[in-house]
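Open the model in your viewer and keep the selection tool at hand. The tour moves from stop to stop.

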Amino acid sequence: MVQEIRSRLVALASKSDAYTAVLMQGSGTFCVESAITTLLPKEGAKLLVLTNGAYGERIAEIAAYASIPCVTCNVEETTTFSLEAVEYLLQNDPSITAIAVVHCETTTGILNPIFEVAKLSKAYHKLLIVDAMSSFGGIPIDLDALDADVLISSANKCIQGVPGFGFMLFKKKILKRCFGNARSLSLDAYAQYKTMEEGGGKWRFTSPTHVVHAFIEALYELEEEGGVEARYTRYCTNQRLLIEGMEALNFECVIDQTLQSPIITSFYSPNHTSYDFKEFYLRLKHKGFVIYPGKVSNIESFRIGTIGHVFPEDIARLLKAVQEAIFW
Ligand SMILES: *Cc1c(COP(=O)(O)O)cnc(C)c1O
């Protein structure tokens, strides 16, 4: 089952033989940490992290914990990076060896331009790490074209499995050079790769068996739906209906439509003096909908996700619930 999962994961994004999938116990962050601390050598590595939200910042924090020299290209949470600024950093600091970028920055729902970043990483011969946690399986990604060295995601986002493990799509020829890099025994992705390869899908330590069973079912469901393209279309429809309905109720999106992903959407809080997020949240929860608090630093906002086993009928029910919940 593990071997089938591994090959299906690679096939979702790549038609070549260049990539391999390594599964790792834990939540998504464990995999980001595993990928970074396995990919980057103990000596001579320096990571450039592009940050416009909490998940980019978390990558920088992972580097700090692992004592990996790190610089950030930090822009406001409501915008994406200027590629000129990234290139300037690469030109002026040749000691940078790797770039990390978040695809869908779930903090806001912004979609960052990973293909443009990949062009820079290739032009300057840097390793490329892509956190595609909240996009992989829900937004088509051509990994052969992207040519990332590692792309990371987890069981419970767009693949719609249950939480318990994550996965890393590593470029094989890069991973094979990563012996001895890991700063942590349990998060050694190279050792996990070896065990999975040589043991026919064996995990090094206790495997999350029930989660694995649920995940292969989730992969079958993805295939039955019509694959990543079909799921992307459904998420886009969900999100378009959500935005149209919310705008009709006088809510305003925080992120410009040109940068907005179909995964999660940030809305400005209503400016009624009596609006209270907690009360709004509880009213919606009472009607069966759980929304997210805002995560943008200087803006009063809340977020609504449109991924998962969610369909236009659910969005219609949600919009009705919001309409009923906004009397202040
Ligand atoms: C969800 C998510 C993660 C990982 O979060 P966990 O809580 O550890 O599963 C990392 N990056 C992004 C962009 C995410 O959306």
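What follows is a walk through a predicted model, one selection at a time.

**Stop 1: the annotated domain**

Select residues 2-280. UniProt, in an unreviewed entry, gives this span the feature "domain: Aminotransferase class V". Helix makes up 42% of the span and strand 17%. Put a distance label on its two end C-alpha atoms: they lie 42 Å apart.

**Stop 2: the ligand and its surroundings**

Now select the ligand. Which residues are around the ligand? Show S27, G28, T29, Y55, R58 and V102, then add C104, T106, D131, M133, S134 and K157.

Zoom in on the polar contacts. Start at S27: an N or O atom of the S27 side chain is 2.5 Å from a ligand oxygen. Step to G28. Here a polar backbone atom is the partner, 3.0 Å from an oxygen of the ligand. Then turn to K157, where an N or O atom of the side chain sits 2.8 Å from a ligand oxygen. How much of the ligand does the protein bury? Taken alone, the ligand exposes 380 Å², and the protein buries 84% of that.

**Stop 3: K157**

Stay on K157. The unreviewed UniProt entry carries the annotation "modified residue: N6-(pyridoxal phosphate)lysine" for K157. Trace the backbone on either side: K157 is in the loop between β8 (150-154) and β9 (165-171). Why does K157 count as partly exposed rather than buried? Its relative accessible area is 23%, and buried would require a value under 20%. Leave out the neighbours within four places in sequence, and K157 is in contact with M133, S134 and I307. M133 and S134 are also among the residues around the ligand.

**Stop 4: helix α10**

Select 227-248, which is α10. This helix has 22 residues. From first C-alpha to last, α10 reaches 32 Å, close to the 32 Å expected at 1.5 Å a residue.

Colour the buried positions. They are G227, V228, R231, R234, Y235, N238, Q239, L242, I243, G245 and M246. As you look down the axis, keep in mind that an α-helix has 3.6 residues a turn, so residues three or four places apart point the same way. Which elements do the buried residues of α10 pack against? Show the helices α1 (2-13), α9 (209-225) and α12 (312-325), together with β10 and β12 (301-305).

**Stop 5: N250**

Go just past the end of α10. N250 takes a positive phi there, about 75 degrees, and N250 is not a glycine. N250 lies in the loop that runs from α10 to β10 (264-268). Buried or exposed? N250 counts as exposed, at 72% relative accessibility.

**Stop 6: H125**

Select H125, another place to check the backbone. Its phi is positive, about 55 degrees, although H125 is not a glycine. H125 is found in the loop between α5 (114-123) and β7 (127-131). The relative accessible area of H125 is 72%, so H125 is exposed.

**Stop 7: N298**

Finish at N298. Look between β11 (292-293) and β12: N298 is in that loop. N298 is exposed because its relative accessibility is 78%. Now draw a line to T209. How far apart are N298 and T209? They are 89 residues apart in sequence and 42 Å apart in space, C-alpha to C-alpha.

Technical notes. Residues are numbered from 1 along each chain as its sequence is written. This is a predicted model: local features need pLDDT of at least 70, side-chain atom pairs count only at pLDDT 80 or more; totals for chains, interfaces and linings use all residues. Side-chain values use heavy atoms; hydrogens and water are left out. Helices (H or I, at least four residues) and strands (E, at least two) are DSSP runs, numbered from the N terminus. Buried means under 20% relative accessible area, exposed over 50%, partly exposed in between (1.4 Å probe, protein chains only). UniProt positions are given in the numbering used here, feature names are shortened, and annotations may be inferred rather than shown by experiment. Contact means heavy atoms within 4.5 Å. The expected span of a helix is 1.5 Å times one less than its number of residues. A residue is near a molecule or strand if one of its heavy atoms lies within 4 Å of it. A polar contact is a pair of N or O atoms within 3.5 Å; within protein, one must be able to donate a hydrogen and the other to accept it, and residues adjacent in sequence count only if both atoms are side-chain atoms. Accessible areas come from the Shrake-Rupley method with a 1.4 Å probe; for residues, only the protein chains shown count as cover.
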